[in-house]
Amino acid sequence: MSLIRLISFLLPVFCLFAPVNAQRAYDPHFAIGAKGGVTFSSMAFTPSIEQSLIQGVSFGAVARYTEERFFGLVAELNIEQRGWKETFDETEFEFQRRLTYIQLPVMTHIYFGSDKFRGFINLGPSVGYLISENSSANFDYHNPAAVVGFPIANRHVNQMTMEVKNRFDYGICAGGGIELTLKKKHSILLEGRYYYGLGNIFPAKKKDEFSASRGTSIQVAVGYLFHIK
């Protein structure tokens, strides 16, 4: 969903609930918990690289504060796996490179529904730092030109072995989901989220091979929250 479409959706929601919010007081609430799930990620390379989504995991801690009716803030500290998996023109060659980050998203939390069951939208910036990486292939990716049958013509291969120069990452994430309150102080949630990276992992000057090398990912996660207040 583009930013303009997202704003177009959220504006009428805000206008609908704002009069209600002005007429009733709302006590602040604070909750902490944990979440975990799977990621499906790729890299936005320019020039482009033939690839498919690579599956990883994501897990971490959640803190949520709501002071206004229908609005609040969510912060998370996650370990998240991203990367890319290359495709090779209907051959049996396989290559994937997995990048593991510590990720800190801080998002606006917009929710609607009842105290028992509600939907929500999270949107905001995220920063991260690369803590580990690994590559795997069923061929010698350090010297693909020497591999018999490898489709090297008109193909970039240096990204397989290039060193990540920018370990710090930043971007924007947006998602939505549902939350079910089991008891007064306990709830579970299900969320889908999209992350679009704005930082390049490789150098991106005119002389460099790639002018863009940004991470993107789709995350599906379940979580548990304990409502302190």
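Helices (H or I, at least four residues) and strands (E, at least two) are DSSP runs, numbered from the N terminus. Keep that in mind for these exercises.

A word on the source: this is a predicted model, where local features need pLDDT of at least 70, side-chain atom pairs count only at pLDDT 80 or more, and totals for chains, interfaces and linings use all residues. Residues are numbered from 1 along each chain as its sequence is written, and side-chain values use heavy atoms, with hydrogens and water left out.

**Exercise 1. Find Asn 154 and describe its backbone and its surroundings.**

Step 1: Go to the loop between β6 and β7 (168-183); Asn 154 is found there.

Step 2: Check the backbone. Phi of Asn 154 is near 55°, which is a positive value in a residue other than glycine.

Step 3: Decide on buried or exposed. Buried means under 20% relative accessible area, exposed means over 50%, and partly exposed is in between (1.4 Å probe, protein chains only). Asn 154 has 85% relative accessibility, so it counts as exposed.

**Exercise 2. Write down the order of helices and strands in the protein.**

Step 1: Count the elements: there is 1 helix, and there are 9 strands.

Step 2: Walk along the sequence. The pattern you get is α-β-β-β-β-β-β-β-β-β.

Step 3: Stop at the loop between β1 and β2 (51-52), where Pro 47 lies. The peptide bond leading from Thr 46 to Pro 47 is cis, with omega near 0°.

**Exercise 3. Work out how β5 pairs with β4 and with β6.**

Step 1: Learn the rule: two strands pair if DSSP finds at least two bridges between them.

Step 2: Take β4 (residues 71-86). This strand runs antiparallel to β5, and 14 bridges join the two. For one bridge, look at Gly 83, whose partner in β5 is Arg 98.

Step 3: Now take β6 (residues 117-137). With β5 it pairs in the antiparallel sense over 17 bridges. Here Arg 97 stands opposite Ser 135 in β6.

Step 4: Look at the link between β5 and β6: a hairpin joins them through 3 residues.

**Exercise 4. Describe the largest nonpolar core and say which strand gives the most to it.**

Step 1: Set the terms. A nonpolar core is a set of buried Ala, Val, Leu, Ile, Met, Phe, Trp, Tyr and Cys residues joined through side-chain atoms within 4.5 Å.

Step 2: Pick out the centre of contacts. The largest core has 20 residues, and those with the most contacts inside it are Trp 84, Phe 139, Phe 150, Met 160 and Ile 201.

Step 3: Ask who supplies it. Both β1 (29-46) and β5 (95-113) supply at least two residues each, and β5 gives the most, with 3 residues.

Step 4: Zoom in on Phe 139. Contact means heavy atoms within 4.5 Å. Not counting residues up to four places away in sequence, Phe 139 touches residues including Phe 88, Phe 93, Pro 144, Phe 150 and Met 160.

**Exercise 5. Trace the salt bridges of Lys 35 and Arg 193.**

Step 1: Get the cut-off: a salt bridge is a side-chain nitrogen of Lys or Arg within 4 Å of a carboxyl oxygen of Asp or Glu. The whole structure has 11 of them.

Step 2: Start with Lys 35, which forms a salt bridge with Glu 191; their closest N and O atoms are 3.3 Å apart. Lys 35 sits in strand β1 and Glu 191 in strand β8 (residues 186-197), 156 residues apart, so to speak of the pair is to speak of distant parts of the chain. Both Lys 35 and Glu 191 are buried.Step 3: Move to Arg 193, whose side chain meets that of Glu 76 in a salt bridge (2.9 Å, N to O). Arg 193 lies in strand β8 and Glu 76 in strand β4, so this pair ties together parts that are 117 residues apart in sequence. Arg 193 counts as buried because its relative accessibility is 7%, and Glu 76 counts as buried at 4%.

Step 4: Try one more pair, Glu 163 and Lys 165, whose side chains meet in a salt bridge (3.7 Å, N to O). Glu 163 is exposed, with a relative accessible area of 54%, and Lys 165 counts as exposed at 51%.

Step 5: Put the pieces together. Lys 35, Glu 76, Glu 191 and Arg 193 are joined into one network by salt bridges that share partners.
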